[in-house]
Amino acid sequence: MDSEIQCDRLKLLEDRIRGSLEDVRKRKRCKWCQNPKVPVSSKGLCSSCYRWDRMQRKLSKEVEGLPARTIRDPHWKLRHELDVANCAIELCKGDGDTLETQLDQTDPADIEEEFQILAAKMLGPRRGAPLFQGTAHFFYDFSPTQRVWLWYLLSMIVSEASRRDRISTARSVNLRNKHSKIGGG
Ligand SMILES: [Zn+2]
């Protein structure tokens, strides 16, 4: 009898989670970052992505009107800002792609990774990320639906932090890309 009650409760929990995920999937989301928690403008973008879009278009226009690049480029700063804006937009879209994929299916390793990202954001990569290394096996006992839900809850915190840090992340990714181009790798 006890196990029957437990089974019923688990089924109820599963149904409720499935319903909540269905709500998330159906919600109108930003077409770039897919964040389901923020309002979306008539252009289909949230306020953060919209700001990047506007900035990128403005900088693009300014860079288009510049003379060709010279060795001592006096306009390097403007070109650099455009690179950063392009990079930030790629990051926004990347967040959106990740959410789309994970809402379909979340593997135990994906949850471990999300815990690592969250810990790294709070404690710094050196202290934070190793805290959850090798914990994926905890999540094999969760059902596929529960795994998606757990990942989604964690991602809400991570994506808010990513929006906040977008400019500094874009700057460092842009710098890394430049270095790898110079290094030929
Ligand atoms: Zn967005």
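This is a short selection-by-selection tour of a predicted model.

**Stop 1: helix α1**

Start by selecting residues 2-26, which make up helix α1. Its 25 residues should span 36 Å at 1.5 Å a residue, and the C-alpha atoms at its two ends are 36 Å apart, so the length agrees. Colour the helix by burial and you'll find little cover: the number of buried residues in α1 is zero.

Now pick Leu21, still in α1. Buried or exposed? Leu21 has 15 other C-beta atoms within 10 Å, so it counts as partly exposed; being called buried would take 20 or more. Show its partners beyond four places in sequence: Leu103, Thr145, Val148 and Trp149 are in contact with Leu21. Draw a distance from Leu21 to Thr145 as well: the two are 124 residues apart along the chain, yet their C-alpha atoms are separated by 8.4 Å.

**Stop 2: the loop between α1 and α2**

Move on to the loop between α1 and α2, and select Gln34 there. Check its backbone: phi is positive, about 65 degrees, although Gln34 is not a glycine. Gln34 is also buried, because 21 other C-beta atoms lie within 10 Å of it.

Gly44 is in the loop between α1 and α2 too. It has 13 C-beta neighbours inside 10 Å and therefore counts as partly exposed. Setting aside neighbours within four places in sequence, Gly44 is in contact with Cys30 and Lys31. Add Trp32 to the view: its C-alpha is 8.4 Å from that of Gly44, with their positions 12 residues apart in sequence.

**Stop 3: Glu64 in α2**

Jump to Glu64, which sits in helix α2. How many other C-beta atoms lie within 10 Å of Glu64? There are 8, so Glu64 is exposed. For a long ruler line, join Glu64 to Ser41: they are 23 residues apart in sequence and 28 Å apart in space, C-alpha to C-alpha.

**Stop 4: helix α3**

Select residues 76-104 to get α3, a helix of 29 residues. From first C-alpha to last it reaches 42 Å, close to the 42 Å expected at 1.5 Å a residue. Highlight Val84, Ala85, Cys87, Ala88, Leu91, Cys92, Asp95 and Leu99, which are buried. Their spacing is worth a look with this in mind: an α-helix has 3.6 residues a turn, so residues three or four places apart point the same way. What covers these buried residues of α3 includes α2, α6 and α7.

**Stop 5: α3 against α7**

Keep α3 on and add α7, residues 166-182. The two pack at an angle of about 110 degrees, with axes 8 Å apart. α3 and α7 are therefore roughly perpendicular to each other, and the crossing is right-handed. To see the contact, show Asp83, Val84, Cys87, Ala88 and Leu91 from α3 with Arg166, Ile167, Thr169, Ala170, Arg171, Val173 and Asn174 from α7. By type, the residues in this contact are seven nonpolar, two polar and three charged.

**Stop 6: α3 against α6**

Swap α7 for α6, residues 144-164. How do α3 and α6 pack? Their angle is about 170 degrees and their axes are 10 Å apart, which means α3 is roughly antiparallel to α6. On the α3 side, select Asp95, Leu99, Gln102 and Leu103; these meet Val148, Trp151, Tyr152, Ser155, Ser159 and Ser162 of α6. The residues here divide into five nonpolar, four polar and one charged.

**Stop 7: α4 against α6**

Finish by keeping α6 and bringing in α4, residues 108-123. The axes of α4 and α6 come within 10 Å and cross at roughly 25 degrees, so α4 is roughly parallel to α6. This crossing is left-handed. Show sticks for Pro108, Asp110, Ile111, Glu114, Phe115, Ile117, Leu118 and Lys121 on α4, then for Arg147, Leu150, Trp151, Leu154, Ser155, Ile157, Val158 and Ala161 on α6, and you have the contact. Coloured by type, the contact of α4 with α6 gives 11 nonpolar residues, one polar and four charged.

How values were computed:
Residues numbered from 1 in each chain as written. Predicted model: local features only at pLDDT ≥ 70, side-chain atom pairs only at ≥ 80, totals over all residues. Axes fitted to C-alpha atoms, helices over the stretch in contact; angles between N-to-C directions. Helix = DSSP H or I, 4+ residues; strand = E, 2+ residues; numbered from the N terminus. Parallel < 35°, antiparallel > 145°, perpendicular 65-115°, else oblique. Left-handed = near helix turned anticlockwise from the far one by under 90°. Contact = placed C-beta atoms within 7 Å. Nonpolar A, V, L, I, M, F, W, Y, C, P; charged D, E, K, R; others polar. Expected span 1.5 Å × (residues − 1). Buried ≥ 20, exposed ≤ 12 C-beta atoms within 10 Å, placed from the backbone.
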